[in-house]
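The following note was prepared for a colleague who is beginning to read protein structures. Its numbered points may be followed with the structure open alongside.

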Amino acid sequence: MFPASRYSLQARRCIRALKAVQGEHVAPQAYTTSRCCSSAPVSRITTHYTVYPRDKDPRWEGMEMERFADEADVVIVGGGPAGLSAAIRLKQLANEHEKELRVCLVEKAAQIGAHTLSGACLEPSALNELFPDWKERGAPLNTPVTEDKFSILTEKYRIPIPILPGLPMNNHGNYIVRLGHFVRWLGEQAEELGVEIYPGYAAAEVLFHEDGSAKGIATNDVGIAKDGSPKDVFERGMELHAKVTLFGEGCHGHLAKQLYKHFNLRENCEPQTYAIGLKELWVIDEKKWRPGRVEHSVGWPLNRHTYGGSFLYHLNEGEPLVALGFVVGLDYTNPYLSPFREFQRWKHHPSVACTLEGGNRIAYGARALNEGGFQSLPKLTFPGGMLIGCSPGFMNVPKIKGTHTAMKSGMLAAEAIFKKITDDNLDSQTAGIHVPEYEENLKKSWIWKELYSVRNIRPSFHNYFGLYGGMIYTGIFYWIFRGKEPWTLKHAAWTQPS
Ligand SMILES: Cc1cc2nc3c(=O)[nH]c(=O)nc-3n(C[C@H](O)[C@H](O)[C@H](O)COP(=O)(O)OP(=O)(O)OC[C@H]3O[C@@H](n4cnc5c(N)ncnc54)[C@H](O)[C@@H]3O)c2cc1C
């Protein structure tokens, strides 16, 4: 430890050294100064040009910054269930009405489906509407749910809870899928219908017309060094302009955040709330494999005030596969809680470990989920664009399902856009076309009804009894009264009594 006087001298030297370096370089860099207390480089969290403008950075002087621009009717950001369903529906309608419609979709993953976490329980309602003949088309829905279990875990025991018809955890009629495979299949259908798909391209920036309406997107530049300077292989991204741009980036997309600000879309809703979901795919001992079985649990290792739970799905994909995962609401109050460690502990529960023993984990990943539901839905449309899928947050939280609602929102967006942009009498007041009909139609659809009916379940867990209070609330107001209670609870953080 330094004595106080020497420490402050050291600190002053550090500040002087940093100022000197900052004077030399305006651009973001990793700094090391021999006079600093620590020799570790101080690296920037980001070097992105939206944070550190390049026009003030001498390293970018003289670089060719012009972007090639292309025009489409509709541009879609994100090749997840929402974006692909929108693209498919647009081309289905265009083909039905024999209209020329150019639909381009950019996806940041190198292949469609590559950024999608595997292992999900799919409610096929939207798929039935999009492709009534999905079976003949070879959709990879190979595992109908045959067995459904829900339990409360204690440290050593599993207490089974009956799943009554109508409860959110009832999976009768659903399918266990490898979501990445399903999304890849949607991509193939979209391409067959004539959608132009560009995998490996991230939309990095929203472009605006002079009147403020959305004009399209610019894809990411490539060939930039970690310190934010251009490499020899630097290549500028390209611009994709459209009459309407659809944003289907999934939960917490960075372009959606720009749009929230630009169009003030979150003015009349509650803030979004989030959870983290960890997922793994295991090959297990064949003797323990029960294809079609779905298991959910709440309770241990989480305490009653931490929202979360587990899932374990037995897939039927030609080998003894199980998809398992753990979701933890990010409003937990214990600062020492680590969702990943809780997941690890859960895997050691006697009733889980016996399934995994002797098995091999072959894939894993983590992703954020929206938990705000109905109360946190922003305004969905603005001049030149709209939000679809988990980007605005159509996740049905108690069901842990958002694929069917994401798909349906994409389809509704497509139907509203098609009607508007093929209208010969269209008289748009802005250069980017505004399609408020999407939001109006969505409010009349089953998505709205579904999200409205479960709106109070997540916030009801914020009570003195936590999990148990929430379960009783769900039993009374969701199961008996179907979510028709005349009040809507707010998302409030649970605070421990002092
Ligand atoms: C742990 C966990 C378990 C789940 N379990 C289920 C379940 O059992 N059943 C169910 O129905 N749902 C489940 N879900 C939810 C489901 O995964 C989502 O609701 C669904 O994937 C939402 O679809 P989406 O198209 O809106 O977004 P996403 O599936 O997230 O797709 C968005 C796509 O956009 C791409 N993208 C993002 N930003 C950009 C950009 N700037 N440029 C280009 N591309 C971009 C991403 O790479 C991604 O491919 C689960 C989610 C989690 C996290």
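1. In this predicted model, an oxygen atom of the ligand lies 2.7 Å from a polar backbone atom of Cys 390. Two further backbone contacts involve nitrogen atoms of the ligand. A backbone N or O atom of Ala 203 is 2.8 Å from a ligand nitrogen, and a backbone N or O atom of Lys 108 is 3.0 Å from a ligand nitrogen.

2. How much of the ligand does the protein bury? The ligand taken alone exposes 1000 Å², and 96% of that area is buried by the protein.

3. Several elements give two or more residues each to the shell around the ligand. The helices are α2 (81-96) and α8 (403-421), while the strands are β2 (103-107), β3 (120-122), β14 (274-283) and β18 (360-370).

4. The ligand is surrounded by 33 residues. The closest are Glu 107, Cys 121, Ala 203, Cys 390 and Thr 403. By character, the residues of the shell divide into 16 nonpolar, 11 polar and six charged.

5. Where does the ligand lie with respect to domain 2 and domain 3? Domain 2 comprises residues 69-140, 178-269 and 376-453, and domain 3 comprises residues 147-173 and 273-371. Both domains give residues to the shell, and therefore the ligand lies between them.

6. Two annotated domains from an unreviewed UniProt entry deserve attention. The entry assigns "FAD/NAD(P)-binding" to residues 73-128. In the model, this span is 36% helix and 23% strand, and its end C-alpha atoms lie 27 Å apart. The annotation "ETF-QO/FixC ubiquinone-binding" from UniProt, also in an unreviewed entry, covers residues 274-369. Here the chain is 17% helix and 48% strand, with end C-alpha atoms 6 Å apart.

7. UniProt, in an unreviewed entry, also lists residues 461-481 as a "transmembrane region". In the model, that span is 67% helix and 0% strand. The end C-alpha atoms of residues 461-481 are separated by 18 Å.

8. Strand β3, already named for the ligand shell, also belongs to an open sheet of three strands in the order β3-β7-β4, with antiparallel pairing. The edge strands are β3 and β4 (143-144), each of which pairs on one side only. Strand β4 pairs with β7 (residues 175-177) over two bridges, in the antiparallel sense. Thr 143 stands opposite Ile 176 of β7.

9. How many residues form the hairpin connection from β5 to β6? The hairpin joins these strands through four residues. Strand β5 (residues 147-153) and strand β6 (residues 158-161) pair in the antiparallel sense over four bridges. Within this pairing, Phe 150 has Ile 161 in β6 as its bridge partner.

10. Two features of the backbone should be checked by the reader. Most residues other than glycine have a negative phi, and most peptide bonds are trans. Glu 98, which is not a glycine, has a positive phi of about 50°. Glu 98 is found in the loop between α2 and β2, and both of those elements give residues to the ligand shell.

11. The second backbone feature is the peptide bond joining Trp 300 and Pro 301, which is cis, with omega about 5°. Pro 301 is located in the loop between β15 (293-299) and β16 (308-316).

Technical notes
Residues are numbered from 1 along each chain as its sequence is written. This is a predicted model: local features need pLDDT of at least 70, side-chain atom pairs count only at pLDDT 80 or more; totals for chains, interfaces and linings use all residues. Side-chain values use heavy atoms; hydrogens and water are left out. A residue is near a molecule or strand if one of its heavy atoms lies within 4 Å of it. A polar contact is a pair of N or O atoms within 3.5 Å; within protein, one must be able to donate a hydrogen and the other to accept it, and residues adjacent in sequence count only if both atoms are side-chain atoms. Accessible areas come from the Shrake-Rupley method with a 1.4 Å probe; for residues, only the protein chains shown count as cover. Ala, Val, Leu, Ile, Met, Phe, Trp, Tyr, Cys and Pro count as nonpolar, Asp, Glu, Lys and Arg as charged, and the others, Gly among them, as polar. Domain bounds come from an automatic or database domain assignment. UniProt positions are given in the numbering used here, feature names are shortened, and annotations may be inferred rather than shown by experiment. Two strands pair if DSSP finds at least two bridges between them.
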